[in-house]
Amino acid sequence: MPQGLLGVGSRTLGALLLGPALLCAQQPVSRDLASLDLEELANIKVTSVSRKPESLGTVAADVQVLTRDDIRRSGVTSLPELLRRVPGLQVARANSRDWSIGARGFNSASADKLLVLVDGRAIYSPIFAGVFWDVQDVVLADIERVEVILGPGASMWGSNAVNGVINVITLRATETVGGQAALDVGTEDRARVRARYGLNVGNAGAVRVIGQYLDRDAAARFGSDGDAPNEWRWGTAGARFDSRPGSRDRLSAQAQAYWGSGDRLRVLPAPAAPFVQPDSADLTASGMFGRVQWTRELSERSGFALQAYVDHSLRHDGAFWRRGRVNIFDLDFQHRLPLGRRHDLVWGAEYRLIDDDNAPSYTLAFDPPARTVSLATGFIEDDIDLGGGGWYLTAGARFERTTYTSLDVQPTARLRWSPRPGQTLWASVSRAVRSPSRLDEDIREVAGTIPTTPPITVVAAGVDRFEPERLTAYELGYRGEAAHEVGLAGSLFFHSYRRVRTLVPGAVDPATNELRYSVRNGALGESYGGTLSATWRVRPSWRLRASYTYTHTFAGLVDARPGEVLDAVSGVNPRHQASLQSSWDIGRTIELDLHARFVDSLEVAGVPEYAQADVRIGWRPVPALTIALVGQDLLARRHREFSSDVFVPYLSEIERRVLGRVVWRF
């Protein structure tokens with residue numbers, strides 16, 4: 001850690017963490033997030049691991065949860081910023097709108113091994129099997145909780161749930177009756193306006209409508225006092241309806257639309273001298289989705305759920321990607337039923353249809369430009385009580401077939417032991433696949449030109465029948481109360497990857513003067529490490545949470561061909577990450593929250609290590625009004641976190657930010 005940051009960080013953290021100890025005895029306390037004891041935290045119900053409610057304290061996986069109050073007290077303004085609070089995730093900001101988010105290695109600007117869901121709706125793009133984070137501006141005030149699985153979740157959620165699963169679960173409309181208006185004004189998020197109103201419908205239903213608009217300043221330009229051309233303007237509007245037509249039934253319907261635009265500057269390849277062309281056309285994105293769900297409780301341990309959603313997205317990225325349109329239809333069914341006293345079975349099926357159309361440019365094209373693909377899958381999992389002593393075995397598998405692949409089986413086995421209440425040890429072995437996408441099979445991307453006579457165009461190209469990348473994962477973990485009011489959770493993992501994507505050059509085509517690099521399953525990979533986190537309830541009004549993550553990643557060629565290169569680079573993942581969070585209630589009306597973090601260097605990207613801290617001070621003069629002041633990245637005026645797009649002719653730095661927020665409930 002740089003000496004200058006270490007000095008500033010020590011003084012700042014010392015003042016913020018010792019202050020509560022000096023003042024706590026003088027202040028009355030209120031019951032809020034900080035006052036939840038360890039038993040209450042362990043009993044938080046999560047559903048992402050086995051698609052059924054389980055207590056966080058006994059689940060056999062490395063699961064992290066951000067609660068509704070965690071989200072409110074974070075002071076952040078976007079979902080990627082919120083995910084920084086999750087131990088084990090690798091979150092890096094490239095500029096004002098672009099993020100790299102992954103887990104357990106092989107992270108990149110287009111990370112394709114992390115499945116992200118919002119209310120069970122997959123939000124990854126089937127174009128490259130990753131997430132466009134700039135259009136995932138979920139209204140944070142509507143989130144009930146965020147569940148994050150570190151490690152594969154493919155047996156329940158299918159392909160691309162390789163290194164982890166992020167599941168965002170939003171509040172029912174029945175939980176948001178009344179009005180709420182919020183205004184953020186800051187140095188980087190220059191203005192954010194949010195409005196929500198919910199009202200009861202009939203005796204057992206409610207509807208809410210929401211609207212949000214954001215105007216975000218650009219990130220700083222590295223090596224310059226000016227800004228980089230990546231401002232972002234964004235808006236979203238939607239509605240949700242929830243009802244209980246009977247004592248055993250729940251109905252939910254949701255629709256939302258979004259639109260955004262922002263500055264963009266790229267230097268793209270060109271077919272003639274000087275073989276490059278600047279492109280300053282704005283990036284624009286828009287879309288909408290609709291979701292309907294019906295659930296029925298058959299008994300305390302059984303029930304079923306049926307969900308359908310449609311998703312439409314449209315993206316224009318100047319001369320690089322002239323137009324990308326994607327339509328998705330998905331139908332999902334699951335059924336939970338007990339078999340005797342010792343078996344708790346969950347099974348289900350899903351069908352997804354994806355239709356896309358991409359207008360070609362000189363730099364980027366797909367062959368064919370339009371394509372329709374489908375996915376059909378079924379899963380089954382049984383949670384078995386092994387008959388005393390606190391031993392349980394969970395075994396299951398998902399069977400999946402897509403247009404790109406034959407049948408893939410993704411099994412898991414999880415063994416857990418709870419020797420006494422509040423203590424759980426677990427071990428697991430799982431298999432997951434990353435299915436091919438349009439990027440693997442159909443892409444043609446011009447990477448540049450070799451200025452020979454005649455010039456040679458360098459092209460990256462997909463291939464038919466690209467094989468799915470495969471992971472076998474081994475995990476060990478512990479979760480429990482290590483001492484009075486001290487909770488401890490830890491996990492160790494070893495991931496073995498096969499069929500990792502590489503690029504292989506061929507001979508120059510004399511007819512086109514193209515040097516084509518073709519996609520191939522030409523590498524193996526490994527990652528190993530672990531995450532350790534601790535929660536200490538210092539006093540009823542003050543809670544500390546600390547975490548440390550170590551990740552080592554390696555990839556190497558198998559039967560390397562001349563000139564073959566790795567597409568999965570291991571050096572863009574920090575080996576060491578550490579964080580410290582403090583939540584302190586000062587009396588009944590003031591909250592003080594701190595998030596400090598250290599992130600190791602990214603060797604390949606040339607990004608140095610850094611330490612930063614965020615602080616939020618909240619004041620509730622009356623129950624209906626909250627006023628907050630938020631400072632982010634306070635330990636340096638500006639810093640780098642990730643590299644830019646290969647065609648972007650500059651680097652961006654993240655600046656120190658200050659934000660004022662007013663939230664009024666009526």
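**Exercise 1. Strand pairing in the open sheet**

Which residue in strand 9 does Leu117 stand opposite? Work out the surrounding sheet as well.

Solution.
- The model is predicted.
- Leu117 stands opposite Asn167 in strand 9.
- Strand 6 and strand 9 (residues 164-170) run parallel and are joined by five bridges.
- The open sheet has five strands in the order 3-8-9-6-7, and its pairing is mixed.
- At the edges stand strand 3 and strand 7 (121-122); each has a single partner strand, so one side of each lacks a neighbour in the sheet.

**Exercise 2. A hairpin**

Describe how strand 16 and strand 17 are joined, and find the residue with a positive phi in their hairpin.

Solution.
- Strand 16 and strand 17 (residues 276-279) run antiparallel, with four bridges between them.
- Arg266 has Asp279 in strand 17 as its bridge partner.
- Six residues lie between the strands of this hairpin, and Phe275 takes a positive phi near 70°.

**Exercise 3. Salt bridges across the sequence**

Take three salt bridges in turn. For each, give the distance, the elements involved and the accessibility of the partners.

Solution.
- As background, side chains of opposite charge can pair when their charged atoms come close.
- The whole structure holds 66 salt bridges.
- Step one: Arg104 pairs with Asp62, and their closest N and O atoms are 3.9 Å apart. Arg104 is in the loop between strand 5 (99-103) and strand 6 (114-118), while Asp62 is in strand 3 (residues 62-67), so the salt bridge ties together parts 42 residues apart in sequence. Arg104 and Asp62 are both buried.
- Step two: Asp184 forms a salt bridge with Arg661, with 2.9 Å between the closest N and O atoms. This pair links distant parts of the chain, namely strand 10 (residues 178-186), which holds Asp184, and strand 40 (residues 657-665), which holds Arg661, 477 residues apart. Asp184 has a relative accessible area of 2% and is therefore buried. Arg661, at 14%, is buried too.
- Step three: in the salt bridge of Arg233 with Asp263, the closest N and O atoms are 3.8 Å apart. Arg233 belongs to strand 14 (residues 232-243) and Asp263 to the loop between strand 15 (249-262) and strand 16 (266-269); the two residues are 30 residues apart, and the pair links distant parts of the chain. With a relative accessible area of 22%, Arg233 is partly exposed. Asp263 has 24% relative accessibility and also counts as partly exposed.
- Step four: shared partners join several salt bridges into one network, made up of Asp69, Arg72, Arg73, Asp585, Glu591, Asp593, Arg616 and Arg620.

**Exercise 4. Two residues of strand 19**

Is Leu306 buried or partly exposed? Is Gln307 buried or exposed? Place each residue in its surroundings.

Solution.
- Leu306 is in strand 19, and Gln307 is found there too.
- Leu306 has 34% relative accessibility, so Leu306 counts as partly exposed.
- Gln307 has a relative accessible area of 8%; the cut-off for buried is under 20%, so Gln307 is buried.
- Leu306 belongs to a nonpolar surface patch, along with Leu251, Trp294, Val310, Phe329, Leu331, Tyr351 and Leu353. Together these residues have about 630 Å² of accessible area.
- At least two residues of the patch come from each of strand 19 (302-317), strand 20 (321-339) and strand 21 (343-359).
- The side chain of Gln307 makes a polar contact with the side chain of Arg291, at 3.1 Å.
- Beyond neighbours within four places in sequence, the contacts of Gln307 are Asp119, Gly120, Arg121, Arg291, Val292, Gln293, Asp330, Leu331 and Asp332.
- Leu331 thus appears both in the patch and among the contacts of Gln307.

**Exercise 5. A loop residue**

Where is Val607 found, and which residues is Val607 in contact with, leaving aside its neighbours within four places in sequence?

Solution.
- Val607 lies in the loop between strand 35 (590-599) and strand 36 (610-622).
- Its relative accessibility is 3%, so Val607 counts as buried.
- With neighbours within four places in sequence left aside, Val607 is in contact with Ser601, Leu602, Arg640, Glu641, Phe642 and Ser643.
- From Val607 to Ser643 there are 36 residues in sequence, and 7.3 Å in space from C-alpha to C-alpha.

Definitions and conventions:
Residues are numbered from 1 along each chain as its sequence is written. This is a predicted model: local features need pLDDT of at least 70, side-chain atom pairs count only at pLDDT 80 or more; totals for chains, interfaces and linings use all residues. Side-chain values use heavy atoms; hydrogens and water are left out. Buried means under 20% relative accessible area, exposed over 50%, partly exposed in between (1.4 Å probe, protein chains only). Contact means heavy atoms within 4.5 Å. Patches are made of residues with over 30% relative accessible area and no salt bridge: like charges are joined within 9 Å, nonpolar side chains (Val, Leu, Ile, Met, Phe, Trp, Tyr) within 5 Å. Accessible areas come from the Shrake-Rupley method with a 1.4 Å probe; for residues, only the protein chains shown count as cover. A salt bridge is a side-chain nitrogen of Lys or Arg within 4 Å of a carboxyl oxygen of Asp or Glu. Two strands pair if DSSP finds at least two bridges between them. A polar contact is a pair of N or O atoms within 3.5 Å; within protein, one must be able to donate a hydrogen and the other to accept it, and residues adjacent in sequence count only if both atoms are side-chain atoms.
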